[in-house]
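Reader: I have this model open on my screen and would love a guided close look at one part of it. Could you pick a good place to begin and walk me outward from there?

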Amino acid sequence: MKKAALHNLGCKVNAYETEAMQQMLEDAGYEIVPFREKADVYVINTCTVTNIADRKSRQMLHRARRQNPDAVIVAAGCFVQLAGQEMLETGMADIILGNNKKKQLLSMLDAYQKQQVCMAQWEDINDGQKEYEPLSLARSGGHTRAFIKIQDGCNQFCSYCVIPYARGRVRSRQLFDILAEVRALAAAGYQEVVLTGIHISSYGIDTGDSLLHLIASIHEIENIRRIRLGSLEPGIVTEEFASGLSKLDKVCPHFHLSMQSGCDSVLKRMNRKYNTDDYQKRCSILRKYFSYPALTTDVIVGFPGETQEEFQATRQFVEQIGFAEMHVFKYSRRAGTKAAQMPNQVAEELKTARSLQLITLGEQMADAYVQSMMGQTCTALLEETLLHEGQRYAVGYTKEYVKIAVKTEKDRFNCFAKGKIVQKFLPNLYLMVEF
């Protein structure tokens, strides 16, 4: 039996596609082994969101070649879209699969094994309207929650972002196809689904559907107990949208609203489609319809031209909103984007200093959010066991994505616990007392 090893870089969409390729290989008779082991085929699903992601993609391709010089090396995904020609010319990979081409993995492997010459399938993904690539999962590595890819591509063209060039325009997955996958995963025992995509707020703009209708349709599927949403653009949060979600009790009150900056002048240079007043209104709408919703976000520090005053405006704004979690990124200059050509690029040491300030603030806000949850009744889906100081605990997440532990004497995998959060237990872990 031939062995295959896969390595994923990047976002949840990449993770979903890597799982889909793994299942294709399994169904074709391959034994899946850890990436560190010797394999006949190595598949690296690459990322290009930052310069660091590019470097990691190259490193993993070289590592696979070193581990077994005779193996077939497959490079797939976003880095291929921007560096496919370089890969072809340098022999970095034997099979090169761009986005919207991952479905061809098995046929390309077969062709390579017959011809023993480099095989490449990628195209300008922005050249004309592409169709959604029909990948799907019959099972998920998450065991209790399953990620469901509902769309691909982005039409936003933020000035710092290379993803529209790597992923193309918005392409929505057909509703019937999503529901069929969710039903299959529910039948396999999964109780929570996470809707993911490159820009899920755009779901349905090319098919006449909407994200709210999709969520309501999934809500009707038996045995699915939770629906969690991936990153949302603030503009989708209207009274109608929030009111509609609040009527669906399976929806987790955990909303990741992409922000990037809390300063209007920086948002304008980023080509974001809102200002801070608008963003704050969207947060208020969610807090109107949900009790103790977990609002989380992303922030980029050191965007070109960011002054100390602009950074302080961002710091004050995020503190004012009071996020449950905040992911902080240093701006990464990407060739081909408008931001790369902007004057007054911020020095790396200043980016680092500002990043550390916001990370510290984010940790304080996260603790404050969980403190606000103390004494509130909540439920957690349990997914792993922890042994600590001779005591057995079941660990899982609340609907708000707070990580909790409950004392237990038996395996509670994929079971629900109901109770109250009473205290901090370990870093990023809180103790729940069951009713």
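Author: Happily; what follows starts at one helix and the sheet beneath it, then moves on to other parts of the chain. Please keep in mind that this is a predicted model.

Let us begin with helix 4, which covers residues 105–115. Which of its residues are buried? They are Leu105, Met108, Leu109, Ala111 and Tyr112. Looking down the axis of helix 4, you will find these buried residues within an arc of 165 degrees, so they line one face of the helix. What covers them includes helix 1 (12–27), together with strand 3 (41–46), strand 4 (72–77), strand 5 (95–97) and strand 6 (119–121). Just past the end of helix 4 sits Gln116, and its phi is positive, at about 55 degrees.

Those strands lead us to the sheet. It is an open sheet built from six strands in the order 2-1-3-4-5-6, and the pairing is parallel. At its edges stand strand 2 (31–32) and strand 6, each with a single partner strand, so one side of each has no neighbour in the sheet. Within the sheet, strand 3 and strand 4 run parallel and are joined by six bridges. If you want a pair to click on, Val41 has Val72 of strand 4 as its bridge partner. Helix 2 (residues 51–67) packs on this sheet, touching strand 1 (3–8), strand 3 and strand 4. The direction of helix 2 makes about 175 degrees with that of strand 3. Our starting point, helix 4, packs on the sheet as well, where it touches strand 3, strand 4, strand 5 and strand 6. Its direction makes about 155 degrees with that of strand 6.

Now let us travel along the chain to another sheet. This open sheet has three strands in the order 11-12-13, again with parallel pairing. Strand 11 (254–256) and strand 13 are at the edges with a single partner strand each, so one side of each is left without a neighbour in the sheet. On average, neighbouring strands here are turned by 15 degrees against each other, direction ignored. Three bridges pair strand 11 with strand 12 in the parallel sense, and His256 has Thr296 in strand 12 as its bridge partner. Helix 12 packs on this sheet and touches strand 12 and strand 13, with its direction at about 175 degrees to that of strand 13.

Helix 12 brings us to the second largest pocket, which holds about 600 Å³ of space. Which part of the chain gives the largest share of its lining? That is helix 12, with seven residues. The whole lining has 23 residues, and those nearest the centre of the pocket are Ala324, Glu325, Ala366, Tyr401 and Asn428. Strand 12 (294–301), strand 13 (325–330) and helix 12 (348–373) each supply at least two lining residues.

Next come some antiparallel strands. Strand 14 (residues 377–388) is joined to strand 17 (residues 416–426) by five bridges, and Thr377 stands opposite Lys420 of strand 17. Strand 14 also pairs in the antiparallel sense with strand 15 (residues 391–398), over eight bridges. In that pairing, Leu382 stands opposite Gly396 of strand 15. Strand 14 and strand 15 form a hairpin with two residues between them, and Glu389 in the turn has a positive phi of about 50 degrees.

Two single residues round off the tour. Gln191 is found in the loop between helix 6 (175–187) and strand 9 (192–197). Is Gln191 buried or exposed? Its relative accessible area is 13%, and the cut-off for buried is under 20%, so Gln191 counts as buried. Leaving out residues up to four places away in sequence, Gln191 touches Thr144, Asn223, Ile224, Arg225, Arg226, Leu381, Asn414 and Phe416.

The other residue, Glu434, belongs to strand 18 (residues 429–434). With a relative accessible area of 30%, Glu434 is partly exposed. Its C-alpha atom is separated by 5.5 Å from that of Lys418, although the two residues are 16 apart along the chain. Setting aside neighbours within four places in sequence, Glu434 is in contact with Val406, Lys407, Arg412, Ala417, Lys418 and Gly419.

Definitions and conventions. Residues numbered from 1 in each chain as written. Predicted model: local features only at pLDDT ≥ 70, side-chain atom pairs only at ≥ 80, totals over all residues. Heavy atoms only, no water. Buried < 20%, exposed > 50% of the residue type's maximum accessible area, 1.4 Å probe, protein only. Helix = DSSP H or I, 4+ residues; strand = E, 2+ residues; numbered from the N terminus. Arc of directions from axis to C-beta. Contact = heavy atoms within 4.5 Å. Pairing = 2+ DSSP bridges. Axes fitted to C-alpha atoms, helices over the stretch in contact; angles between N-to-C directions. 1 Å grid on protein atoms, 1.4 Å probe; cavity = no way out; pocket = protein on both sides within 12 Å on 5 of 7 lines; lining within 4 Å. Points joined across faces, edges and corners; volume = space filled by probe spheres on them.
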